[in-house]
Amino acid sequence: MADKIIKQHDPLARKFLTDIDVAKEFLQIHLVPEILAKCDLDTLVIEPTSYIEDDLKLHCSDVVYKISLKNGSGHAYIYTLVEHQSNPDKLMPFRIVKYQMAIIQNHIDTYGASKPLPIVVPLVFYNGTRSPYPYSSNIGDLFDDKELYNTIGLGNFKLIDLTQMEVTEILKHGKVAVLEMLQKAVQVRDFKALIETIVDALKLGLEHGLKQSLADSGIYYLFGAREYEEIKPLVERIKQ
């Protein structure tokens, strides 16, 4: 009986949500006011792509709306996932992130990477046997340390920009100074000016217990990245 209901539910949901007039009313009701205020619903089009994995297609369906933002500020996608399985999915926020990334990747493939990325607004339509929905819609609640997740988030990263890092700062980093100094030396124009600093970094690393094999690997790395005539004075200095 449940399978029969599921099979009927999918075409019913899609018939309604792919009707433009119904879709506009659906979004007017369920989009938060801040998002709705920026969307030009008159530009709404339905994307033909589904992002659901093959093994989940029996249990859910999706509809993707593409909408122009007002004032010509790009596009937004409204991703509507219709769940018609009996048991809710605790990992739903993780699934939603995957769908959002897939939609953005498809946008990049279509329009190129030079333009700003579009916002993807997810809506999940749930009608399971458990009520109310028992799990959080916040992906942060899936992590062991929510406070730490809130500090890091998804897609954010700390940039270690060696091009802006002063040599004096690098030499404070013990064994890591060798890696950072060698990486910096690969791109610098005036390699000769860095020779003494590279030697200082190697000495510092070995004093802090860096394995000799890692130091040797670093020198071999430079041989593959710079001209031999540039490396030769460094080798002579290391011998000294």
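**Stop 1: Lys184**

Select Lys184 in this predicted model and ask: is this residue buried or exposed? Lys184 is buried, yet it has no salt bridge. The nearest side chain of opposite charge belongs to Glu166, and it is 6.8 Å away. A salt bridge needs a nitrogen and an oxygen within 4 Å, so Glu166, at 6.8 Å, does not provide one for Lys184.

Where does Lys184 sit? Its place is in helix α7, which covers residues 175-187. Now show what surrounds the side chain: leaving out residues up to four places away in sequence, Lys184 touches Leu162, Thr163, Met165, Val167 and Ile170.

**Stop 2: helix α9**

Next, select residues 212-225, which make up helix α9. The helix has 14 residues and reaches 20 Å from its first C-alpha to its last, close to the 20 Å expected at 1.5 Å a residue.

Which residues of α9 are buried? Colour Ala215, Gly218, Ile219 and Leu222: these are buried. Turn the view to look down the axis of α9, and its buried residues fall within an arc of 95 degrees, so they line one face of the helix. A general point helps here: an α-helix has 3.6 residues a turn, so residues three or four places apart point the same way. On the other side of α9, look for Tyr220 and Gly224, which are exposed.

What do the buried residues of α9 pack against? Show α7, α8 (195-207) and α10 (228-239), and you have the partners.

**Stop 3: the nonpolar cores**

Keep those helices on screen and add Met181, Ala185, Phe191, Ile198, Leu202, Leu222 and Leu234. These are the residues with the most contacts inside the largest nonpolar core, which has 23 residues. Helices α7, α8, α9 and α10 each supply at least two residues of this core.

For a closer view, centre on Leu202. Not counting residues up to four places away in sequence, Leu202 touches Val178, Ala215, Ile219 and Ile238. Of these, Ala215 and Ile219 are among the buried residues you coloured in α9.

Then move to a second, separate core of 18 residues; Ala13, Leu27, Cys39 and Val63 are among its members.

**Stop 4: salt bridges**

How many salt bridges does the structure hold? There are nine, and here are some to visit.

Begin with Lys98 and Glu53, whose side chains meet in a salt bridge at 3.4 Å, N to O. Lys98 lies in helix α4 (residues 92-111) and Glu53 in the loop between β1 (39-47) and β2, so the pair ties together parts that are 45 residues apart in sequence. Lys98 is partly exposed, with a relative accessible area of 37%, and Glu53 counts as partly exposed at 26%.

Stay on α4 and select Arg95 together with Glu83. The two form a salt bridge, with the closest N and O atoms 3.2 Å apart. Arg95 is in helix α4 and Glu83 in strand β3, twelve residues apart, and the pair links distant parts of the chain. Both Arg95 and Glu83 are buried.

Now go to Asp141 and Lys146, a salt bridge whose closest N and O atoms are 2.7 Å apart. Asp141 is partly exposed, at 38% relative accessible area, as is Lys146, at 33%.

Before leaving the charged pairs, add Asp89 to the view of Arg95 and Glu83: salt bridges that share partners join Glu83, Asp89 and Arg95 into one network.

**Stop 5: Gln105**

Back in helix α4, pick Gln105. This residue counts as partly exposed, at 42% relative accessibility. Draw a distance from its C-alpha to that of Leu117: the two residues are twelve apart along the chain, and the atoms are separated by 9.2 Å.

**Stop 6: two backbone details**

Select Asn71, in the loop between β2 (60-69) and β3 (75-83). Its phi is near 65 degrees, a positive value in a residue other than glycine. Asn71 is exposed, with a relative accessible area of 82%.

Last, which form does the peptide bond from Ser131 to Pro132 take, cis or trans? Check its omega: the value is near -5 degrees, and the bond is cis. Pro132 has its place in the loop between β4 (119-126) and α5 (146-152).

Key
Residues are numbered from 1 along each chain as its sequence is written. This is a predicted model: local features need pLDDT of at least 70, side-chain atom pairs count only at pLDDT 80 or more; totals for chains, interfaces and linings use all residues. Side-chain values use heavy atoms; hydrogens and water are left out. Helices (H or I, at least four residues) and strands (E, at least two) are DSSP runs, numbered from the N terminus. Buried means under 20% relative accessible area, exposed over 50%, partly exposed in between (1.4 Å probe, protein chains only). Lys and Arg count as positive and Asp and Glu as negative; His and the chain ends are not counted. Contact means heavy atoms within 4.5 Å. The expected span of a helix is 1.5 Å times one less than its number of residues. The arc is that of the directions from the helix axis to the C-beta atoms. A nonpolar core is a set of buried Ala, Val, Leu, Ile, Met, Phe, Trp, Tyr and Cys residues joined through side-chain atoms within 4.5 Å.
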